[in-house]
Amino acid sequence: MTPGHAPPEGSPPEGITTEDARRRRDFLRRLHRWFVTEGRHDLPWQRDRRAYAVWVSEIMLQQTTVDTVRRYYTPFMRRFPTVRSLARAELDEVLRVWSGLGYYRRAHHLHEAARRVVEHHGGRFPRTLEGLLELPGIGRSTAGAVLSLAYDRPAVVLDTNVRRVLERYWREALRRRGNAERALWELAAWLLPSSGGRSHTQGLMDLGALVCRPRSPLCPRCPLVKSCPGPREAVPRMRSARGTRRLVLLYRRDRHGRIFLVRRPAHGIWAGLWCLPERGEGPPGDTRPLLTRRHTLSHLELEIRLVTESPGSGRLPLAGVWTTGPMRERLAIPPVVREMLESLPPRVPGKT
Ligand code: SF4
């Protein structure tokens, strides 16, 4: 069986008992009832069920909270209402609208995938798991989300919220099968109802987000509490502690007031965005910063120092541009860097 596809009826994965089959029926019935009355039905991305809209929201929701995505989804969809409009846009414009949402590789992938959908599929999203998986940035879980939420098909979604619910409720069944990743995918596929893929997927996502929370699950309010062994033995997936990184950025402003910016590499922090050139540090105390900021990324704490001099600062990178204020308005610049530039008094020179 291909993980992500529903198994044929009557073929439970290995190790599933008659009792598990009874619990499955109970699980589906309770989950569905709970979702109808308690689930989330008014998120901005639930008002548009086109595959394009579902896909954009799912990519945004990867590694980003619902509250943050709320602020970005609507402006993005206003600017790029269709897959064709996204495919036609310049990457810089996509990055500018994405700016602040983080994990910029996702924006690169969205743009590239939109172009492929237009070039290879006539602007229509693939309706199969295999077709979706060929697009950049789409993994099995995101493909499952598009199939179930856009086309109402039974398809497995295993985002962090869904995983947590399944790992807690089905702990015993998973333990019997060695807790392997494959066992989880097969169990999730076995749980799929024959119809109502959309409400099943959304119900699991909502239960994980609202009730079966990572640190403090609200078991007394959970529709599954009577038959769930509870979270006590489950190993919570803890976020690894954030590391800290110092980023030294070189501020250069010429006598016309233009500021020198470079495009960041396509991988890593602020991938593909425009930024001040990054420089190495001199000995401690050697470089007095004009400004410093602490900025938290989901996986990293940045200490940003804006300097006018640093070792090797005499030469500027060739692949950069002198930017005027109106130009910078149109460029995708990390919000924290933009804020730092705007907070500098206009007469701070920077060397040229
Ligand atoms: S009873 Fe508790 S642990 Fe079990 S699914 Fe519900 S919230 Fe999660």
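This report walks through a predicted model of a protein chain with a ligand, from the overall fold down to one alanine.

## The chain as a whole

Let's start with the broad view. The protein chain holds 14 helices and 7 strands. Of its 352 residues, 36% are buried. Taking contacts between residues at least 6 apart in sequence, 71% join residues at least 24 apart.

## Helix H11

Helix H11 spans residues 181–191, and because 8 of its 11 residues are buried, it is largely enclosed by the rest of the structure. If you would like to find them in the viewer, the buried residues are Leu184, Trp185, Glu186, Leu187, Ala188, Ala189, Trp190 and Leu191.

What covers these buried residues? The cover includes helix H1 (18–38), helix H9 (160–169) and helix H10 (171–176).

## Around the ligand

The ligand is surrounded by 13 residues. Cys212, Pro217, Cys219, Cys222 and Cys228 are the closest of them. Sorted by class, this shell has 11 nonpolar residues, 1 polar residue and 1 charged residue.

## A look at alanine 319

Alanine 319 sits in the loop that links strand S6 (300–307) with strand S7 (320–323). Is alanine 319 buried or exposed? Only 12 or fewer other C-beta atoms within 10 Å make a residue exposed; alanine 319 has 8, so it counts as exposed.

Leaving aside residues up to four places away in sequence, alanine 319 touches Val262 and Arg263. Valine 262 is 57 residues from alanine 319 in sequence, yet their C-alpha atoms are 6.4 Å apart in space.

Terms used. Residues are numbered from 1 along each chain as its sequence is written. This is a predicted model: local features need pLDDT of at least 70, side-chain atom pairs count only at pLDDT 80 or more; totals for chains, interfaces and linings use all residues. Helices (H or I, at least four residues) and strands (E, at least two) are DSSP runs, numbered from the N terminus. A residue is buried if 20 or more other C-beta atoms lie within 10 Å of its own, exposed if 12 or fewer, and partly exposed in between; C-beta atoms are placed from the backbone. Two residues are in contact if their C-beta atoms, placed from the backbone, lie within 7 Å. A residue is near a molecule or strand if its C-beta atom, placed from the backbone, lies within 6 Å of it. Ala, Val, Leu, Ile, Met, Phe, Trp, Tyr, Cys and Pro count as nonpolar, Asp, Glu, Lys and Arg as charged, and the others, Gly among them, as polar.
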